[in-house]
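Please work through the exercises below with the sequence and the coordinates at hand. Each task is followed by a solution in steps.

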Amino acid sequence: MIATTTIRIDHATLPDPLNTKGPDAAAQMIEAALREEGIAAEASNVFSHLKIELPTAQLAAASTVLASLQLI
């Protein structure tokens with residue numbers, strides 16, 4: 001069994017250009033950016049926030065990508 005981590009990002013905190021694309025598009029862009037760096041993540045729009053699920057072993061690498069996108 002692989003340990004997973006869930007990251008939640010409030011829609012209201014999305015920076016440009018992610019906040020202008022709509023939540024579904026923002027989730028797709030975030031997922032693509034993580035996968036481009038070799039991180040097996042799934043991002044989705046869930047009501048008031050975006051949910052990103054990824055293997056906990058890849059959390060440090062994902063944090064670097066999310067920081068570069070100004071999400072954390």
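The exercises that follow concern a predicted model.

**Exercise 1. The sheet**

Determine the order of the strands in the sheet, how they pair, and which strands form the edges.

*Solution.*
Step 1. The sheet is open and has three strands, in the order β1-β3-β2.
Step 2. The pairing is antiparallel. In general, strands of a sheet pair through backbone hydrogen bonds, either parallel or antiparallel.
Step 3. β1 (4-10) and β2 (42-46) each pair on one side only, and these two are the edge strands.
Step 4. From one strand to the next, the twist averages 20°.

**Exercise 2. The pairing of β1 with β3**

State how many bridges join β1 to β3, and find the residues of β3 that correspond to T5 and T6.

*Solution.*
Step 1. β3 covers residues 49-55, and seven bridges join β1 to this strand.
Step 2. The two strands run antiparallel.
Step 3. T5 has L54 of β3 as its bridge partner, while T6 stands opposite E53 in β3.
Step 4. The faces of β1 can now be assigned: T5, I7 and I9 lie on the covered face, and T4, T6, R8 and D10 lie on the uncovered one.

**Exercise 3. Helices on the sheet**

Describe how α2 and α3 are placed relative to the strands.

*Solution.*
Step 1. Helix α2 comprises residues 23-36 and lies across β2 and β3. Its direction is at about 165° to β2.
Step 2. Helix α3, residues 59-68, packs on the sheet and touches β1 and β3. The direction of α3 makes about 145° with that of β3.

**Exercise 4. The packing of α2 against α3**

Classify the arrangement of α2 and α3, and characterise the residues at their contact.

*Solution.*
Step 1. Two packed helices are described by the angle between their axes and the distance between the axes.
Step 2. Here the axes of α2 and α3 come within 10 Å and cross at roughly 130°.
Step 3. Angles of 65 to 115 degrees count as roughly perpendicular and those over 145 as roughly antiparallel; the crossing angle of roughly 130° belongs to neither class, and α2 and α3 are therefore oblique to each other.
Step 4. The crossing of α2 and α3 is right-handed.
Step 5. On the α2 side the contact is made by I30, A33 and L34, which meet A62, V65 and L66 in α3. The residues of this contact divide into six nonpolar, no polar and no charged.

**Exercise 5. The surroundings of P15**

Decide whether P15 is buried or exposed, and list the residues that P15 touches beyond four places in sequence.

*Solution.*
Step 1. P15 is located in the loop between β1 and α1 (18-21).
Step 2. The relative accessibility of P15 is 14%, and a residue under 20% counts as buried, so P15 is buried.
Step 3. Leaving aside residues up to four places away in sequence, P15 touches L69, Q70 and L71.
Step 4. P15 and A40 are 25 residues apart along the chain, and their C-alpha atoms are separated by 23 Å.

**Exercise 6. Positive phi values**

Give the location, phi and accessibility class of F47 and of Q70.

*Solution.*
Step 1. Most residues other than glycine have a negative phi.
Step 2. F47, in the loop between β2 and β3, has a positive phi, near 50°. With 79% relative accessibility, F47 counts as exposed.
Step 3. Q70, in the segment after α3, also has a positive phi, near 60°. At 57% relative accessibility, Q70 counts as exposed.

Conventions. Residues are numbered from 1 along each chain as its sequence is written. This is a predicted model: local features need pLDDT of at least 70, side-chain atom pairs count only at pLDDT 80 or more; totals for chains, interfaces and linings use all residues. Side-chain values use heavy atoms; hydrogens and water are left out. Two strands pair if DSSP finds at least two bridges between them. Helices (H or I, at least four residues) and strands (E, at least two) are DSSP runs, numbered from the N terminus. Axes are lines fitted to C-alpha atoms, for helices over the stretch in contact, and angles run from 0 to 180 degrees between N-to-C directions. Contact means heavy atoms within 4.5 Å. Angles under 35 degrees count as roughly parallel, over 145 as roughly antiparallel, 65 to 115 as roughly perpendicular and the rest as oblique. A crossing is left-handed if the near helix is turned anticlockwise from the far one by less than a right angle, and right-handed if clockwise. Ala, Val, Leu, Ile, Met, Phe, Trp, Tyr, Cys and Pro count as nonpolar, Asp, Glu, Lys and Arg as charged, and the others, Gly among them, as polar. Buried means under 20% relative accessible area, exposed over 50%, partly exposed in between (1.4 Å probe, protein chains only).
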